[in-house]
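Hi,

Here is the structure I promised to pass on. Have a look at it first, and then read my notes underneath.

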Amino acid sequence: MSDVDTTAIWLWLAIIASGLYHGINPGMGWPLAVSAGLMDKSPRAVVGALLPLSTGHLAAMLLVLLPFALLIALAEWQRPIQIAAAIIIIGFGLTRLVIRRHPRALARIPPTRLALWSFAVAIAHGAGLMLLPIYLGLCATSSAHDGHAAAQRVVDQNLGMALLVALVHTAAMLAAGGLLAWLVYRYLGVKFVARSWFNLETVWAVSLVLVGAAALAVNFVEWR
């Protein structure tokens with residue numbers, strides 16, 4: 001197996017891991033699925049709530065990834081774009097560490113609009129930013145053997161990769177969040193969340209800084 005194939009495998013595993021991480025985080029919405037099930041007294045309501053939550057999260061991922069899919073078609077600017085993305089992630093993570101309050105607009109979104117709520121929360125938390133270094137790394141490995149491919153082919157390939165990354169990540173998030181929602185609804189009860197859960201806000205912000213720092217370090221090493 002070549003180094004490019006090995007790198008791609010690790011990057012895909014990172015995408016799945018980040019999806020599981022987002023799914024476990026209650027801030028991404030799985031407690032709302034539990035609440036829907038309890039109010040309707042039906043397990044179908046749990047599943048019904050998870051679908052719009054996942055749709056909103058997927059839309060937020062694509063909103064972040066798609067512009068970069070177009071930008072990195074400019075091969076000569078690929079390295080500066082990757083470094084800029086890493087700096088943006090670090091800056092956002094540091095901002096989340098300093099400013100802990102959530103935007104007031106999130107509180108004005110009614111619970112019935114789960115897809116919109118999930119989209120807004122994912123954007124506000126910088127969930128899509130966490131995928132950027134991984135996505136940019138996949139684009140680099142997938143185009144390593146293309147040589148001087150036509151610009152349109154590169155754009156199409158990058159857009160397709162962005163969609164695939166967002167779908168795989170969201171599927172992992174749905175699996176983790178859905179499993180937790182089902183366990184709490186069916187067996188553990190809401191008291192389990194109140195008594196045993198911990199605040200992931202700081203962990204989330206620190207993870208953004210670490211992901212950005214790692215991407216920045218890798219780019220500087222490769223640049224030399």
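Below is what turned up, going from the whole chain down to single residues.

First, the ground rules. This is a predicted model, so to speak of a local feature takes pLDDT of at least 70, side-chain atom pairs count only at pLDDT 80 or more, and totals for chains, interfaces and linings use all residues. Residues are numbered from 1 along each chain as its sequence is written, and side-chain values use heavy atoms, with hydrogens and water left out.

**The chain as a whole**

The protein chain has ten helices and zero strands, so the pattern along the sequence is simply α-α-α-α-α-α-α-α-α-α. Helices (H or I, at least four residues) and strands (E, at least two) are DSSP runs here, numbered from the N terminus. Of the 224 residues, 43% count as buried. Buried means under 20% relative accessible area, exposed means over 50%, and partly exposed is in between (1.4 Å probe, protein chains only).

Among contacts with a separation of 6 or more, 84% join residues 24 or more positions apart; a contact is heavy atoms within 4.5 Å. The accessible surface comes to about 12000 Å², and 70% of that belongs to carbon and sulfur atoms. Areas are from Shrake-Rupley with a 1.4 Å probe, and for residues only the protein chains shown count as cover.

**A nonpolar patch**

Ile-9, Trp-10, Leu-13, Ile-16 and Leu-20 make up a nonpolar surface patch, with about 480 Å² of accessible area together. Patch residues have over 30% relative accessible area and no salt bridge; like charges are joined within 9 Å, and nonpolar side chains (Val, Leu, Ile, Met, Phe, Trp, Tyr) within 5 Å. A salt bridge is a side-chain nitrogen of Lys or Arg within 4 Å of a carboxyl oxygen of Asp or Glu. Trp-10 sits in helix α1 (residues 3-24) and counts as exposed because its relative accessible area is 59%.

**Cavities**

How many cavities of 30 Å³ or more does a search of the whole structure find? Two. The largest has a volume of about 70 Å³. Of its 13 lining residues, the closest to the centre are Met-28, Trp-30, Leu-50, Met-173 and Gly-177. Helices α1, α3 (43-71) and α8 (151-188) each supply at least two residues of that lining, and α8 gives the largest share, four residues.

For the method: on a 1 Å grid over the protein atoms alone, a cavity is a set of points where a 1.4 Å probe fits but cannot get out, and lining residues have an atom within 4 Å of a point. Points are joined across faces, edges and corners, and the volume is the space filled by probe spheres set on them.

**Four valines**

Val-165, in helix α8, is buried because its relative accessible area is 0%. Leaving aside neighbours within four places in sequence, Val-165 is in contact with Trp-12, Ile-15, Leu-65, Leu-131, Tyr-135 and Leu-138. Its C-alpha is 8.8 Å from that of Met-61, which is 104 residues away in sequence.

Val-64 belongs to helix α3 and is also buried, at 16% relative accessible area. With neighbours within four places again left out, Val-64 touches Ile-123, Gly-128, Leu-129 and Leu-132. The C-alpha atoms of Val-64 and Ala-162 are 9.4 Å apart, with their positions 98 residues apart along the chain.

Val-121, in helix α6 (residues 114-125), counts as buried at 4% relative accessibility. Val-121 and Gly-56 are 65 residues apart along the chain, and their C-alpha atoms are separated by 8.9 Å.

Val-211 lies in helix α10 (residues 201-223). Is Val-211 buried or partly exposed? Partly exposed, because its relative accessibility is 25%. Beyond residues up to four places away in sequence, Val-211 touches Met-130 and Pro-133. Ile-90 is 121 residues from Val-211 in sequence and 7.8 Å from it in space, C-alpha to C-alpha.

**One backbone angle to look at**

Most residues other than glycine have a negative phi. Lys-41 has a positive one, near 55°. Lys-41 is found in the loop between α2 (30-40) and α3, and counts as exposed at 74% relative accessibility.

Cheers

Definitions and conventions. On a 1 Å grid over the protein atoms alone, a cavity is a set of points where a 1.4 Å probe fits but cannot get out, and a pocket is an open set with protein on both sides within 12 Å along at least five of seven lines; lining residues have an atom within 4 Å of a point.
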